[in-house]
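Please work through the following exercises with the sequence and the structure at hand. Each exercise consists of a task and a solution in steps.

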Amino acid sequence: MNWVNKRKLLVIKTIKYNGQQYVDINNLWCALHSTFNMANNCQVDTSILDKISNKSIVSWPEFSREEFKFMVSSCNNSSTPSLDNLSWNHLKTIFDDVKCLDSFIQIANAYINLGYWPSYFKTSTMIVIPKPNKKLYDSPKSFRPIVLLNTMGKLIKKVIGERLQFHTVSNDFIHPSQLGGLKFKSTTDAGIALTHAIRTGWVKNLIMSTLAFDIAQFFPSLNHQLLSLIIKKVGFDQYISSFFADYLVNRKMNYSWSNFSSPTFNINVGIGQGSTLSPILSAFYLSLFIYIL
């Protein structure tokens with residue numbers, strides 16, 4: 001079998017960061033933390049939100065059995081268990097008992113009503129893996145961070161994310177030109193929109209140009225203060241606004257490199273690439289910039 005054959009090891013040299021070689025493991029953690037959280041403690045100008053009008057406030061109804069049953073049924077049983085060692089298959093089996101499901105829903109509703117997200121769910125582990133097809137692996141940028149979260153917290157956030165999608169699209173907060181991070185939007189839609197814009201210009205005898213750019217470290221750089229204010233702009237009631245205000249603070253992360261684990265670091269930006277809320281919350285940001293521009 002091919003998988004038991006000897007494999008060529010990756011070419012990894014001493015990690016370099018800011019022109020210095022890092023041979024001490026503690027220095028390595030600092031280099032990784034600085035690379036993957038470059039926007040830590042950066043200030044933002046929240047006055048840019050003054051140009052965006054507030055949407056009418058809509059109440060947040062309590063969660064239902066159908067929401068959690070549907071969401072957990074769509075999860076892959078073969079996914080790696082998270083920090084709490086629970087798999088999706090475990091939750092599917094637990095939710096077959098209606099009393100267990102109702103108890104879980106009561107806990108989720110309590111988090112919203114109290115505006116509280118437990119510190120247990122605010123702790124995550126970032127697994128550092130090498131990016132493929134790199135000539136050398138001597139820089140933190142040659143590695144990709146994968147965030148592991150607690151399965152129970154991930155399920156609650158999946159249901160919340162589903163509601164955020166429905167609410168923000170139905171009240172027209174998401175700009176029509178925003179395609180990423182939304183359901184029923186695909187690369188094909190982006191291609192069609194771009195083609196339409198180009199051909200519209202051709203009809204008017206215009207020369208069309210396209211400018212494309214990549215926002216580096218986008219998910220890890222989302223500012224919590226600005227994000228909380230955006231949530232209020234979307235039109236959610238005080239309960240969900242208070243929930244996100246607590247959800248985004250006092251977050252902690254440790255790093256895992258091969259068999260080594262780092263101490264715990266405090267993070268005050270980002271929502272993690274492993275977060276199921278990342279796509280829709282990033283869509284809030286992108287739509288905001290489109291409106292302003």
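For the first exercise, a patch is made of residues with over 30% relative accessible area and no salt bridge, and its nonpolar side chains are joined within 5 Å. The model used throughout is a predicted one.

**Exercise 1. A nonpolar patch**

Determine which residues make the nonpolar surface patch of about 310 Å², and place Met208 in the chain.

Solution.
Step 1. The patch is made by Trp202, Leu206 and Met208.
Step 2. Met208 is in the loop that runs between helix H7 (187–203) and helix H8 (224–234).
Step 3. The relative accessible area of Met208 is 34%, so this residue is partly exposed. A patch residue must have over 30%, and Met208 meets that condition with its 34%.

**Exercise 2. Helix H8 and its partner**

Describe how the axes of H8 and helix H9 (residues 238–247) are arranged, and state whether H8 is mostly covered or not.

Solution.
Step 1. The two axes come within 10 Å and cross at roughly 165°.
Step 2. Angles over 145 degrees count as roughly antiparallel. H8 is therefore roughly antiparallel to H9.
Step 3. The handedness of the crossing between H8 and H9 is right-handed.
Step 4. Buried means under 20% relative accessible area. Eight of the 11 residues of H8 are buried, and the helix is mostly covered.
Step 5. The buried residues of H8 include Leu226, Leu227, Ile230, Ile231 and Val234, and also the polar-named entries His224, Ser228 and Lys233.
Step 6. Gly235, just after H8, has a positive phi of about 110°.

**Exercise 3. Salt bridges**

State how many salt bridges a search of the whole structure finds. Then examine the pairs of Arg163 with Glu67, Asp96 with Lys69, and Asp246 with Lys122.

Solution.
Step 1. The search finds four salt bridges. Side chains of opposite charge can pair when their charged atoms come close.
Step 2. In the salt bridge of Arg163 with Glu67, the closest N and O atoms are 2.7 Å apart. Arg163 belongs to helix H6 (residues 151–170) and Glu67 to helix H2 (residues 65–73), so this pair links distant parts of the chain, 96 residues apart.
Step 3. Arg163 is buried at a relative accessible area of 13%, whereas Glu67 is partly exposed at 22%.
Step 4. Asp96 and Lys69 meet through their side chains, with 3.7 Å from N to O. Asp96 is in the loop between helix H3 (88–95) and helix H4 (98–114), Lys69 is in helix H2, and the two are 27 residues apart.
Step 5. With a relative accessibility of 58%, Asp96 is exposed, while Lys69 is partly exposed at 35%.
Step 6. The salt bridge of Asp246 and Lys122 has an N to O distance of 3.5 Å. Asp246 lies in helix H9 and Lys122 in helix H5 (residues 119–122), so the pair ties together parts that are 124 residues apart in sequence.
Step 7. Lys122 has a relative accessible area of 6% and is buried.

**Exercise 4. Positive phi in two asparagines**

Give the phi values of Asn85 and Asn133, and decide whether each residue is buried or exposed.

Solution.
Step 1. Most residues other than glycine have a negative phi.
Step 2. The phi of Asn85 is positive, near 65°. Asn85 is in the loop between H2 and H3, and its 60% relative accessibility makes it exposed.
Step 3. Asn133 has a positive phi of about 65° and is not a glycine. Its place is the loop between strand E3 (123–130) and strand E4 (143–148), and it is exposed at 79%.

**Exercise 5. Separation in sequence and in space**

Find how far apart Thr35 and Lys141 are in sequence and in space, then do likewise for Ser53 and Val234.

Solution.
Step 1. Thr35 and Lys141 are 106 residues apart in sequence, and their C-alpha atoms are 7.3 Å apart.
Step 2. Thr35 lies in helix H1 (residues 25–36) and is buried, with a relative accessible area of 5%.
Step 3. Ser53 and Val234 are 181 residues apart along the chain, and 9.1 Å separates their C-alpha atoms.
Step 4. Ser53 is in the loop between H1 and H2 and is exposed at 54%, whereas Val234 is among the buried residues of H8.

Terms used
Residues numbered from 1 in each chain as written. Predicted model: local features only at pLDDT ≥ 70, side-chain atom pairs only at ≥ 80, totals over all residues. Heavy atoms only, no water. Patch = residues over 30% accessible without salt bridge, like charges linked within 9 Å, V, L, I, M, F, W, Y side chains within 5 Å. Areas by Shrake-Rupley, 256 points an atom, 1.4 Å probe, with all protein chains shown as cover. Helix = DSSP H or I, 4+ residues; strand = E, 2+ residues; numbered from the N terminus. Buried < 20%, exposed > 50% of the residue type's maximum accessible area, 1.4 Å probe, protein only. Axes fitted to C-alpha atoms, helices over the stretch in contact; angles between N-to-C directions. Parallel < 35°, antiparallel > 145°, perpendicular 65-115°, else oblique. Left-handed = near helix turned anticlockwise from the far one by under 90°.
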